[in-house]
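Work through the exercises below with the model open. Each task is followed by its solution.

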Amino acid sequence: MTREPRSAGKRIDFSDPATSDAAKRAFFRIAGLWQITNDQMVVLLGSPSRSTVFNWKKGEGGPLSRDTFERVSYILGIYKGLQVLFPDPNQADTWIRRSNEMFGGASALEHMLGGNVADLHRIRAYIDHVRGGQS
């Protein structure tokens, strides 16, 4: 008898406070490492109100919406992929600010700040492609 992975068939419960809290903590840790401004955080998170973002940053507020959770998931994947690509954590964390011909000379951060989930997806897909696989 073969066993399915534990996660097979399970869906993430976006309304679970523990899930949202973990996603928020991870996002704000990465935002700190990447030196993301408060205004940039608002855009990356899908334009919730500034007060909502400040509450989340303090560990308060309700659960993340499905859209915001998806955005945070992409950012976590981008972070993870960069950590794999660059053995020096500083190089990995500063890569998003460097000009890149793949993005028309803009940095990955500038591209991600377009405000669309697709912008985050494109950066994630590019990093996965460079890595030679998917995470």
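**Exercise 1: the core**

Identify the residues that touch the most other members of the largest nonpolar core, then find which helices supply that core.

Solution. The model is predicted. Start with the core itself: it holds 33 residues, and Phe 27, Trp 34, Leu 82 and Trp 95 touch the most other members. Next, sort by helix. At least two core residues come from each of α1 (17–33), α2 (38–44), α3 (50–57), α4 (66–85), α6 (108–112) and α7 (117–131). The largest share belongs to α4, with 7 residues. Finally, take Leu 82 and set aside its neighbours within four places in sequence. Its contacts are then Trp 34, Ala 92, Trp 95, Ile 96 and Ile 127.

**Exercise 2: the helix pair**

Describe how α1 and α4 pack, from axes to residues.

Solution. Begin with the axes: those of α1 and α4 come within 10 Å and cross at roughly 50°. An angle that is neither under 35 degrees nor in the 65 to 115 range, and not over 145, counts as oblique. Therefore α1 is oblique to α4. The crossing of α1 past α4 is left-handed. Now list the residues. From α1 come Thr 19, Ala 23, Ala 26, Phe 27, Arg 29, Ile 30 and Leu 33; they meet Phe 69, Val 72, Ile 75, Leu 76 and Tyr 79 of α4.

**Exercise 3: the whole chain**

Summarise the chain by its helices and strands, burial and surface.

Solution. Count elements: 7 helices and 0 strands. Then burial: 36% of the 135 residues count as buried. Last, the accessible surface is about 8100 Å², with 50% belonging to carbon and sulfur atoms.

Notes:
Residues numbered from 1 in each chain as written. Predicted model: local features only at pLDDT ≥ 70, side-chain atom pairs only at ≥ 80, totals over all residues. Heavy atoms only, no water. Core = buried A, V, L, I, M, F, W, Y, C linked by side-chain atoms within 4.5 Å. Buried < 20%, exposed > 50% of the residue type's maximum accessible area, 1.4 Å probe, protein only. Helix = DSSP H or I, 4+ residues; strand = E, 2+ residues; numbered from the N terminus. Contact = heavy atoms within 4.5 Å. Areas by Shrake-Rupley, 256 points an atom, 1.4 Å probe, with all protein chains shown as cover. Axes fitted to C-alpha atoms, helices over the stretch in contact; angles between N-to-C directions. Left-handed = near helix turned anticlockwise from the far one by under 90°.
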